[in-house]
Amino acid sequence: MNKVLIATEKPFAPAAVEQIKLVLDEAGYQLEILEKYTGADEFKNAIKNVDALIVRSDKVTSDIIDATENLKVVVRAGAGYDNLDLEACSKKSIVAMNTPGQNSNAVAELAFGMMIYHARNAFDGTSGKELRDKKIGIHAFGNVGRFVAEIAKGFGMDVYAYDPFVEKQEIEKHGVKVFESAEELYKNCQYISLNIPANDKTKKSIDYKIMSSMPKNATIVNTARKEVVCEESLLKVLEERPDFSYLSDIAPDCRETIENKYEGRYVFTAKKMGAQTSEANIKAGIAAAKQIVNYIEKGDTTFKVN
Ligand code: 3PG
């Protein structure tokens with residue numbers, strides 16, 4: 001019998017686990033669950049004999065992969081797979097997949113939750129600002145970026161995007177104006193929604209030059225990864241520009257400095273929670289379970305990333 005392990009340091013909503021179990025039951029697979037684990041050893045023990053693995057942002061390092069004896073497929077129930085050591089997976093002929101799009105609406109909604117909370121001064125009773133008529137620049141028009149655009153239009157914002165990998169016409173079809181460079185996007189938009197993946201090219205790519213070029217009351221909303229922002233630059237811009245704010249799902253490493261020095265100019269979630277809704281967990285979880293069954297039964301490698 002094929003065994004599937006869900007290893008989630010930050011658990012799925014219980015309803016999602018139930019739905020994953022239903023998919024696996026139907027295929028005659030056995031589900032094992034490791035939630036809220038605290039160290040790699042627990043993960044290594046749990047993964048030893050399983051055939052498939054479902055994770056979220058859990059770090060699947062070469063050490064973890066080395067501890068597996070039967071693993072055939074790992075699915076990151078979510079979009080970003082920077083937590084998977086793809087080389088280690090490939091070396092052991094383990095297929096790695098993600099489930100793009102399944103949790104994107106939840107992430108986009110959180111971006112607006114942070115924006116409203118910040119624009120209304122954390123609901124402290126003082127006069128805040130509105131989002132209507134403000135310019136928002138969406139940096140990367142993927143699954144999350146598209147939901148951000150849709151919601152931004154609902155708020156009456158003026159919506160722009162930059163994405164070198166998506167045709168201009170495709171972006172325009174969504175009623176979004178296109179800038180041809182990241183520089184132009186940042187220079188023109190008060191709000192920037194960061195939706196780029198974290199990879200060797202993008203890490204620390206949001207630097208001093210681009211952040212300091214933003215217009216008055218600049219606000220960066222990061223629901224992507226903390227690593228894409230250069231923290232040294234971020235601190236410099238926050239110091240130089242009292243009108244600059246940084247809202248991030250997953251606080252930067254320099255969180256304490258920001259919290260001590262720049263009150264009212266940041267919002268950080270307690271734990272990465274963009275995708276932390278039962279709807280997103282259910283959709284991503286079901287997709288992950290189905291992808292595992294389809295791979296093991298039929299060799300279907302849709303959404304393979306290695
Ligand atoms: C993703 O890449 O899908 C999101 O960042 C969500 O990550 P999470 O499943 O760890 O919340």
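**Figure 1. Threonine 202 is a buried loop residue.** This close-up, like the others, comes from a predicted model. Threonine 202 counts as buried because its relative accessibility is 14%, and the cut-off for buried is under 20%. The residue sits in the loop between S9 and H9. Which residues does threonine 202 contact, leaving aside its neighbours within four places in sequence? They are Ile196, Pro197 and Val228.

**Figure 2. Serine 233 is buried in a helix.** The helix is H10. Serine 233 has a relative accessibility of 8%, so the residue counts as buried. Its contacts are Asp207, Tyr208 and Met211, with residues up to four places away in sequence not counted. Met211 also appears in the next view, among the residues with the most contacts inside the largest nonpolar core.

**Figure 3. The largest nonpolar core has 30 residues.** Five residues have the most contacts inside this core: Tyr186, Ile206, Met211, Ile220 and Phe244. Several elements give two or more residues to the core. Two are strands, S7 (158–162) and S9 (191–194). The others are helices: H8 (182–188), H9 (208–212) and H10 (231–240). A second core is separate and has 28 residues. Val107, Ala119, Val166 and Leu247 are included in that second core.

**Figure 4. Tyrosine 186 and its contacts.** Tyrosine 186 is one of the residues with the most contacts inside the largest nonpolar core. What does this side of the model show for tyrosine 186, not counting residues up to four places away in sequence? The residue touches Ile192, Leu194, Ile206, Ile210 and Ile220, and also Met214 and Pro215. His139 and Ser213 complete the list. Of these partners, Ile206 and Ile220 are themselves named among the residues with the most contacts in the core.

**Figure 5. Valine 148 is buried in helix H6.** The helix covers residues 143–154. Valine 148 counts as buried because its relative accessibility is 1%. Its contacts, leaving aside neighbours within four places in sequence, are Ala108, Phe112, Ile136, Ile138, Ser193 and Asn195. How many residues apart in sequence are valine 148 and isoleucine 192? They are 44 residues apart, and their C-alpha atoms are 11 Å apart in space.

**Figure 6. The ligand and the residues that surround it.** The charged residues Lys10, Arg56, Arg76, Arg225 and Lys272 are in the surrounding group. So are Ser57, Gly78, Gly80 and Asn103, along with Ala79 and Ala275. By class, the shell divides into 5 charged, 4 polar and 2 nonpolar residues. Three distances to oxygen atoms of the ligand can be picked out here. Serine 57 places a polar side-chain atom 2.4 Å from a ligand oxygen. For alanine 79, a polar backbone atom is 2.6 Å from a ligand oxygen. For glycine 80, the distance from a polar backbone atom to a ligand oxygen is 2.8 Å. How much of the ligand's accessible area does the protein cover? On its own the ligand has 320 Å², and the protein covers 94% of that.

**Figure 7. Aspartate 253 is an exposed loop residue.** The loop runs between strand S11 (245–248) and helix H11 (255–261). Is aspartate 253 buried or exposed? Its relative accessible area is 63%, so aspartate 253 is exposed; the cut-off is over 50%. Aspartate 253 touches Lys226 and Glu231, not counting residues up to four places away in sequence. With lysine 226 there is a polar contact, side chain to side chain, at 2.7 Å. Glutamate 227 is 26 residues from aspartate 253 along the chain. Their C-alpha atoms are separated by 9.3 Å.

**Figure 8. Lysine 36 and phenylalanine 123 have positive phi values.** Neither residue is a glycine. Lysine 36 has a phi of about 50°. This lysine is in the loop between strand S2 (30–35) and helix H2 (40–47). Lysine 36 is exposed because its relative accessible area is 61%. Phenylalanine 123 has a phi near 55°. Its loop lies between helix H5 (104–119) and strand S6 (135–139). With a relative accessible area of 56%, phenylalanine 123 is exposed.

**Figure 9. Proline 14 is exposed in helix H1.** Helix H1 spans residues 14–27. Proline 14 has a relative accessible area of 62%, so the residue is exposed. Where is serine 278 relative to proline 14? In sequence the two are 264 residues apart. In space they are 8.1 Å apart, C-alpha to C-alpha.

Technical notes
Residues are numbered from 1 along each chain as its sequence is written. This is a predicted model: local features need pLDDT of at least 70, side-chain atom pairs count only at pLDDT 80 or more; totals for chains, interfaces and linings use all residues. Side-chain values use heavy atoms; hydrogens and water are left out. A nonpolar core is a set of buried Ala, Val, Leu, Ile, Met, Phe, Trp, Tyr and Cys residues joined through side-chain atoms within 4.5 Å. Buried means under 20% relative accessible area, exposed over 50%, partly exposed in between (1.4 Å probe, protein chains only). Helices (H or I, at least four residues) and strands (E, at least two) are DSSP runs, numbered from the N terminus. Contact means heavy atoms within 4.5 Å. A residue is near a molecule or strand if one of its heavy atoms lies within 4 Å of it. A polar contact is a pair of N or O atoms within 3.5 Å; within protein, one must be able to donate a hydrogen and the other to accept it, and residues adjacent in sequence count only if both atoms are side-chain atoms. Accessible areas come from the Shrake-Rupley method with a 1.4 Å probe; for residues, only the protein chains shown count as cover.
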